[in-house]
Amino acid sequence: MKIKHINNTSEFAQTLLQWNKLDNTRQMPWKGEKDPYKVWLSEIILQQTRVEQGLAYYNSFIKKFSNIKKLAAAPDDTVFKLWEGLGYYSRCRNLLATARYISKEKDGVFPSTYEEIVQLKGVGPYTAAAIASFVYNLPHAVVDGNVFRVLSRVFGIDTPIDTTAGKKYFTQLADELLPVKQAGIYNQALMDFGAVVCKPAAPLCETCPFNTSCIALKNKVVDFLPVKEKKLVQKTRFFYFMALQQDGKTYIQQRTGKDIWKDLYQYPLVETADAQPVAAVIKMAKAAGIIPAGAALIHASQPVKQQLTHQKVHGILVQVKVPAAYKAPATYIAVTPKTLQQYAFPKLIHLLWQQENN
DNA sequence: AAAGCGGGGGC
DNA sequence: GCCCCAGCTTT
């Protein structure tokens with residue numbers, strides 16, 4: 001495939017680098033960082049996550065784990081607790097797996113080629129290009145949401161970005177635009193530019209250095225680029241969390257299987273597709289062996305709602321008293337209000353706790 | 001190729 | 001409400 005309708009690719013890079021030099025004031029702790037551990041950590045945290053949201057998490061991780069071997073040596077629960085609230089928890093699972101792999105198999109030395117880096121768990125084409133270019137100044141163009149947006153607008157490309165053909169096209173264009181000797185600086189600059197000037201909504205076209213050449217601006221289609229093909233489907237779910245009360249302790253369990261919040265903890269769960277009366281929920285819980293037949297309702301919370309990207313989740317906390325003689329299943333973990341706090345829970349459960357305390 | 005995966009913020 | 005965010009993995 002050939003990139004057409006672009007006569008001078010180096011002009012784009014020169015204009016961008018000039019903007020970066022003169023007008024880019026964006027500062028982040030990992031910018032200019034040459035420790036691959038720190039760059040890798042920041043990139044994993046920032047996948048599908050705003051810089052402002054990820055910043056505090058990055059600082060906490062660096063403070064607690066100053067190098068990859070310390071991270072690798074930490075218990076799973078400790079690391080997930082640090083990740084708690086950031087979302088996309090498979091990132092945390094993969095982070096740990098990669099830290100342990102590099103510590104054990106590579107004696108803590110981070111790989112230094114794109115081909116090796118991209119094979120690490122949780123690292124795809126974007127993250128590998130970012131690490132390779134930022135740390136080793138290797139000539140690999142990053143293609144993230146910012147890059148799709150900037151290139152689609154400046155060059156007027158309406159190929160959908162959420163298709164295989166679109167990804168391939170934009171990746172090739174990005175590689176052709178890359179000034180190979182300044183790959184790291186340029187990649188940083190392009191993403192900063194997308195975040196600060198060529199923003200998704202209300203971009204700063206008035207002061208944009210490309211505003212005399214931008215195809216989208218000329219054609220008045222800035223707000224329609226980039227193009228996405230797929231629309232997301234929403235599901236609604238009801239989560240009834242059964243908080244068993246037994247002599248000052250309660251029980252939690254770890255979520256497993258292919259579903260949201262995998263590896264996080266929760267109270268034993270009754271899930272339904274529709275809202276149910278609490279009495280019906282207790283009946284279901286007993287029938288399913290989630291709570292014992294002798295359990296009795298203490299209190300049910302008001303429902304809380306959480307809007308995720310593709311799910312609307314309702315949560316209700318149902319406290320039940322269980323007999324002292326009750327023997328919990330092996331998957332239940334007995335906790336006290338104090339020991340509960342060392343486990344990572346979904347935001348929905350924090351919302352329920354918050355509500356019950358008000 | 002398409003689906004699934006969180007939580008927060010802008011509009 | 002809807003869209004997007006320094007995307008990746010699994011089906």
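This note goes through the contacts of a predicted protein model with DNA strands C and B, then one helix and two single residues.

1. Basis of the values. The model is predicted, so local features need pLDDT of at least 70 and side-chain atom pairs count only at pLDDT 80 or more, while totals for chains, interfaces and linings use all residues. Residues are numbered from 1 along each chain as its sequence is written, chains are lettered from A and ligands numbered from 1 in the order in which they are written, and side-chain values use heavy atoms, with hydrogens and water left out.

2. Surroundings of DNA strand C. This strand has 28 residues around it, and Glu43, Gly122, Gly124, Arg149 and Lys258 are the closest. A residue is near a strand if one of its heavy atoms lies within 4 Å of it. Of the atoms of DNA strand C that come within 4 Å of the protein, 64% are sugar and phosphate. By class, the surface near this strand has 10 nonpolar, 9 polar and 9 charged residues. Here Ala, Val, Leu, Ile, Met, Phe, Trp, Tyr, Cys and Pro count as nonpolar, Asp, Glu, Lys and Arg as charged, and the others, Gly among them, as polar.

3. Polar pairs with DNA strand C. The side chain of Arg50 places an N or O atom 2.9 Å from a base oxygen, and a polar side-chain atom of Tyr126 is 3.0 Å from a base nitrogen. For Asp144, an N or O atom of the side chain lies 2.7 Å from a sugar or linking oxygen. Two or more residues of the surface near DNA strand C come from each of helix H2 (36-46), helix H8 (125-136), helix H9 (145-154) and helix H11 (183-196). Helices (H or I, at least four residues) and strands (E, at least two) are DSSP runs, numbered from the N terminus.

4. DNA strand B. There are 22 residues around this strand, with Thr164, Ile260, Trp261, Thr309 and His310 coming nearest. Sugar or phosphate makes up 56% of its atoms within 4 Å of the protein, and bases the rest. The nearby surface divides into 6 nonpolar, 10 polar and 6 charged residues. A polar side-chain atom of Tyr88 is 3.0 Å from a base oxygen. Phosphate oxygens lie 2.8 Å from a polar side-chain atom of Gln306 and 3.2 Å from a backbone N or O atom of Lys347.

5. Helix H2. In H2, 10 of the 11 residues are buried (under 20% relative accessible area; exposed is over 50%, partly exposed in between, with a 1.4 Å probe and protein chains only). Glu43, listed above among the closest residues to DNA strand C, is one of the buried residues. The cover over them includes helix H3 (51-64), helix H4 (68-73), helix H5 (76-83), helix H6 (90-105) and H8. At the start of H2, the backbone nitrogen of Tyr37 has a side-chain oxygen of Asp35 within 2.9 Å. Gln48, just after the helix, has a positive phi of about 55 degrees.

6. Gln311. This residue belongs to strand E7 (residues 311-321). Gln311 counts as buried because its relative accessibility is 6%. Leaving aside residues up to four places away in sequence, Gln311 touches Gln234, Lys235, Arg237, Ile260 and Gln306 (contact means heavy atoms within 4.5 Å). With Arg237 there is a side-chain to side-chain polar contact at 2.9 Å (a pair of N or O atoms within 3.5 Å; within protein, one must be able to donate a hydrogen and the other to accept it, and residues adjacent in sequence count only if both atoms are side-chain atoms).

7. Thr207. The loop between H11 and helix H12 (215-218) holds Thr207. Thr207 is exposed, at a relative accessible area of 65%.
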